[in-house]
Amino acid sequence: MKKNIWVLLLFFACFPFFAGEYYVNLASQIFIFAIFAASINLLLGYGGLPSLGHSAYLGLAAYLSALAALKFGLGHWVAAPVALLGTMLAAAAFGLIALRATGLGFLMLTLALSQVLWGTAYRWVSVTDGDNGLRGLTRPALFGVSLDAATPFYLFAFAVTLFSIWMMARYVDSPLGAALKGTRDQPRRMSALGHDVWMIRWVTFIYAGFWGGVSGLLFVYYHKYIHPVSLSLTNSAEGLLAVIAGGSGTLGGPIVGAAIVMILKNYVSTYIERWNMLLGFVFVVIVVFMPDGVVPGFRRLLLRWKAARWRKK
């Protein structure tokens, strides 16, 4: 298994050197969306907290970074930490409100809070330029290497994605991550054992918001433009869909789900006008035949195939 992972990583590291620019840019967008989906998975898959407002952190980090550069003239390496700090503070504040409920109540509160930011981005024209969005943005340079070309940005996004997924995996495997899974499965029992269920969820909410902010920074660097649609319900729903389709509660699920959504959105949509209908159809097929998601489904099929081969021997 580990050997296969190293082969896969080597393939992605070499990908921009033999693929066309279009596919390199598409892969970069998949990496960005994979971080976003993985951050949702921390809440949904490991915490049992379905959120429809996670785009708030992607959009907020992107807007804060853009405003720091355009309004205050800050460089990327100052604007990025400022944007992430602001995003974490917003996640902390939103968590204080949203975590007053669970289940459907939590879902609706996260949606309502994100819509506040979406409406602000649309209506506060003097700051956000409203529906026109913020333009004239640039990509940072890393160790003197410009990220304007497709290949350098791909490698940068790939490295950030690897680090982000690794950090989220470390969190899940930590004692706090184990406690989080306990609050998902048996919140009352965890509380009876002396664990502060609310605090565990709040810390995870902030942590997930941070990585949502990281995806927002990559998002604005890639597009060099930010629009209120980045804060929209559609963006959150697509992230949630990617987690469910790929397999919530798994590390690989959000990545596979992000690839499915982004390929349908960016590649298939050039051939099929109503790609949203196809996305819905694909989602229905996955739910019917692989209710746990693509990654757990293929894992189960692989185990059955191995068991069948072993019986024949």
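The exercises below work through aromatic pairs, a nonpolar patch, salt bridges and backbone angles in a predicted model.

Residues are numbered from 1 along each chain as its sequence is written, and side-chain values use heavy atoms, with hydrogens and water left out. Because the model is predicted, local features need pLDDT of at least 70 and side-chain atom pairs count only at pLDDT 80 or more, while totals for chains, interfaces and linings use all residues.

**Exercise 1. Aromatic rings**

Task: Find how the rings of Phe106 and Phe205 are arranged, and state which helices hold them.

Solution. A pair of aromatic rings is described by the distance of the centres and the angle of the planes. Rings of Phe, Tyr and Trp (its six-membered ring) pair if their centres lie within 6.5 Å, and planes under 30 degrees apart count as stacked, over 60 as edge-to-face and the rest as tilted. By this rule the structure holds 24 aromatic pairs. In the pair of Phe106 and Phe205 the ring centres are 6.0 Å apart and the planes stand at 90°, so the arrangement is edge-to-face. Helices are DSSP runs of H or I with at least four residues, strands are runs of E with at least two, and both are numbered from the N terminus. Phe106 lies in helix H5 (residues 104–123) and Phe205 in helix H10 (residues 197–223), so the pair ties together parts that are 99 residues apart in sequence. Both Phe106 and Phe205 are buried, where buried means under 20% relative accessible area, exposed over 50% and partly exposed in between, with a 1.4 Å probe and protein chains only.

Task: Describe the geometry of the pair formed by Trp118 and Tyr122, and decide whether Trp118 and Tyr122 are buried, partly exposed or exposed.

Solution. The pair of Trp118 and Tyr122 is edge-to-face, with 5.1 Å from centre to centre and 80° between the planes. Trp118 and Tyr122 are 4 residues apart in helix H5, and are therefore separated by about one helical turn. Trp118 has a relative accessibility of 31% and counts as partly exposed, and Tyr122, with a relative accessible area of 26%, is partly exposed.

**Exercise 2. A nonpolar patch**

Task: Name the residues of the nonpolar patch on the surface, and find which element gives the largest share.

Solution. Patches are made of residues with over 30% relative accessible area and no salt bridge, like charges being joined within 9 Å and nonpolar side chains (Val, Leu, Ile, Met, Phe, Trp, Tyr) within 5 Å. The patch is formed by Leu96, Ile97, Leu176, Trp198, Met199 and Val203, which together have about 450 Å² of accessible area, a value of the kind that comes from the Shrake-Rupley method with a 1.4 Å probe, only the protein chains shown counting as cover for residues. Helix H4 (76–98) and H10 are the elements that give two or more residues to the patch, and the largest share, 3 residues, comes from H10. Val203 is found in helix H10, and its relative accessibility of 31% counts as partly exposed.

**Exercise 3. Salt bridges**

Task: State how many salt bridges there are, and find where Lys224 and Asp148 lie.

Solution. Side chains of opposite charge can pair when their charged atoms come close. A salt bridge is a side-chain nitrogen of Lys or Arg within 4 Å of a carboxyl oxygen of Asp or Glu, and by this rule the count comes to 5. One of them joins Lys224 and Asp148, at 3.4 Å from N to O. Lys224 lies in the loop between H10 and helix H11 (233–246) and Asp148 in the loop between strand S2 (145–146) and helix H7 (150–173), so the pair ties together parts that are 76 residues apart in sequence. Lys224 is partly exposed at 30% relative accessibility, and Asp148 is partly exposed at 45%.

**Exercise 4. Positive phi**

Task: Find where Asp129 and Phe143 lie, and state what their phi values are.

Solution. Most residues other than glycine have a negative phi, and most peptide bonds are trans. Asp129, although not a glycine, has a positive phi of about 65°; Asp129 lies in the loop between helix H6 (125–128) and strand S1 (141–142). The side chain of Asp129 also forms a salt bridge with Arg135, with 3.0 Å between the closest N and O atoms. Phe143 has a positive phi near 55° and is placed in the loop between S1 and S2. Asp129 is partly exposed at 23%, whereas Phe143 counts as exposed at 80% relative accessibility.
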